[in-house]
Amino acid sequence: MAFWNRRRSIDAMLAPHEGPALKKTLSWPHLMALGVGAIVGTGILTLIGVGAGLAGPAVLISFALAGLVCACAALAYAELSTIMPASGSAYTYSYASLGEIFAWVVGWSLILEYSLVVSAVAVGWSGYAIPFLAGLGIDLPLALTVGPHVEGGLINLPAVFIIAVVTGLLLMGTKESATLNAVLVLVKIAALVAFVAIALPHFDAANFTPFMPHGFGAPFVQTGVMAAAAIIFFAFYGFDAIATAAEETKKPERDLAIGIIGSMVVCTVLYIVVAAAAIGAAPVASFSDSPEPLSLIMRGLGQGVAAQWIAAAAVIALPTVLLAFLFGQSRIFLGMARDGLLPNRLARISNRGVPTVVTLFTAIVVAILAGIMRLDELASLANAGTLMAFMAVGISLIVLRVREPNRERKFKAPLWWLVGGVAIVGCIVFFFSLKASTQLYFLLWNLFGLAIYLLWSSKNARLAKSPEA
């Protein structure tokens with residue numbers, strides 16, 4: 001069968017796999033914690049400053065727009081994940097609904113997304129860890145705290161260090177790492193609630209004027225509400241990491257939808273409240289360029305101790321994002337390797353139920369990126385990969401509703417045509433609101449990926465050797 005006609009059936013996809021399998025150890029509280037842990041991170045702790053710099057106080061609208069598109073994508077994920085509770089997330093859904101070559105593009109984009117998210121969050125963690133350590137009297141030399149893009153910089157060693165620590169936790173086992181993740185998520189939420197409680201008494205409505213200094217913006221315009229939403233989009237995704245845990249979920253038909261939608265609701269409310277409190281407490285210009293905006297705002301209010309505690313919470317809890325996305329990345333690789341689109345040895349699973357080889361490989365790649373690249377570059381390019389995946393999920397939702405209307409669905413997205421349409425259109429608009437250089441790098445990444453697919457993966461795919469696989 002020609003590669004452009006190959007499409008995996010859902011029934012074949014759900015058939016038992018040969019060899020060691022992933023262990024079913026997760027329930028909906030673990031999944032919600034995984035989702036909240038992945039979503040609440042560098043986006044609100046660091047990128048709120050970047051977004052505010054692009055949109056001014058109207059960054060609140062940017063949060064709402066990004067949240068709307070992500071909410072629609074989350075509903076699509078919730079339906080598709082209960083139909084296909086298998087590792088691979090958007091890649092898997094695309095393989096069943098759109099075909100192999102489309103699935104490859106989505107999977108290749110997910111590799112970009114997850115790798116760069118881990119790297120970006122590690123850099124964001126470093127931004128909080130370095131001043132936190134300085135407050136304890138530990139000053140690291142400049143050469144070991146920033147990459148070569150800064151004069152005198154060599155490598156961001158703290159970012160590399162935290163990736164190594166989180167990788168070690170993942171290798172311990174899924175249930176163990178998920179339990180620790182849940183505890184750290186509570187620490188992170190407590191820190192944000194404390195920030196709001198301290199900042200609100202200092203609320204000054206004058207900080208919201210002018211509300212939209214750079215306008216609403218539009219595709220191809222690099223400032224304004226839309227440009228900020230395209231970057232802040234980074235702050236919302238993470239719920240897709242829940243879908244990658246489908247095979248390790250005890251009751252996927254129930255728990256996946258609860259985890260995906262529940263984590264999105266919690267985080268959307270939390271984000272808008274934190275952003276409003278931050279802008280009300282300090283003028284946007286005072287924190288838009290800071291790598292640690294929330295701590296900076298606290299210090300500006302004379303709350304040095306609170307600033308140190310928020311930095312400490314970020315240092316302790318930001319690794320939950322790393323854990324969630326490293327976890328998800330390894331499962332994406334696992335799904336593609338099982339299908340023969342990547343080398344089969346990447347699909348090896350240890351006695352603890354962990355894909356050890358691919359976890360270590362991913363950690364090495366993302367550590368190198370985190371050590372030498374800037375946060376804004378990483379976040380912007382990661383967004384491009386995510387937008388591709390979310391758009392594919394919206395399309396897959398619509399295609400399967402039309403093609404297989406009678407298939408059992410444990411969870412049904414309401415107004416599926418509208419949900420899918422908003423996810424698709426929103427992702428396209430956000431993509432063209434990214435920097436032109438980001439769009440170009442994304443195109444080059446996928447051209448490189450397509451070359452690999454045509455030269456190797458299309459010939460080694462399981463469906464190329466056995467159409468019934």
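How many salt bridges does the count come to? In this predicted model, the count comes to five. Side chains of opposite charge can pair when their charged atoms come close. A good place to start is Glu79, since two of the bridges described here meet there.

Take Arg401 to begin with. Its side chain forms a salt bridge with Glu79, and the closest N and O atoms sit 2.8 Å apart. The two partners come from distant parts of the chain: Arg401 belongs to helix H18 (residues 375-403), Glu79 to helix H5 (residues 59-83), and the two positions lie 322 residues apart in numbering. Arg401 has a relative accessibility of 14%, so this arginine counts as buried, the cut-off being under 20%. Glu79 is at 1%, and therefore counts as buried too.

Arg409 also reaches Glu79. Here the side chains meet in a salt bridge with an N to O distance of 2.9 Å. This pair again links distant parts of the chain, with Arg409 in the loop between H18 and helix H19 (416-431) and Glu79 in helix H5, 330 residues apart. With a relative accessibility of 9%, Arg409 counts as buried. Put together, Glu79, Arg401 and Arg409 are linked in a network of salt bridges.

Another of the salt bridges joins Glu404 and Arg407, whose closest N and O atoms are 2.6 Å apart. What is the relative accessible area of Arg407? The value is 24%, so Arg407 is partly exposed, whereas Arg409 is buried at 9%.

Next come the aromatic rings, for which the count comes to twelve pairs. One of them is Tyr77 with Tyr93, an edge-to-face pair with 6.0 Å from centre to centre and 70° between the planes. Tyr77 lies in helix H5 and Tyr93 in helix H6 (residues 90-97), so this pair ties together parts that are 16 residues apart in sequence. Helix H5 thus turns up again, as Glu79 is also in helix H5. Are Tyr77 and Tyr93 buried or exposed? Both tyrosines are buried.

Helix H6 holds another ring pair, Tyr91 with Tyr95. The ring centres of Tyr91 and Tyr95 are 5.8 Å apart and the planes stand at 65°, so this pair is edge-to-face as well. Because Tyr91 and Tyr95 are four residues apart in helix H6, about one helical turn separates them. Both of these tyrosines are buried. Elsewhere, ring pairs link Trp104, Trp108, Trp445, Phe448 and Tyr453 into a cluster.

That leaves the cysteines. How many disulfides does the structure hold? The answer is zero. Cys427 is in no disulfide, and the nearest cysteine sulfur, that of Cys70, is 7.4 Å away; a disulfide would need the two sulfur atoms within 2.5 Å, so this pair does not qualify. Cys427 has a relative accessibility of 1% and therefore counts as buried. Cys267 is at 0%, so this cysteine counts as buried too.

Note on methods: Residues are numbered from 1 along each chain as its sequence is written. This is a predicted model: local features need pLDDT of at least 70, side-chain atom pairs count only at pLDDT 80 or more; totals for chains, interfaces and linings use all residues. Side-chain values use heavy atoms; hydrogens and water are left out. Buried means under 20% relative accessible area, exposed over 50%, partly exposed in between (1.4 Å probe, protein chains only). A salt bridge is a side-chain nitrogen of Lys or Arg within 4 Å of a carboxyl oxygen of Asp or Glu. Rings of Phe, Tyr and Trp (its six-membered ring) pair if their centres lie within 6.5 Å; planes under 30 degrees apart count as stacked, over 60 as edge-to-face and the rest as tilted.
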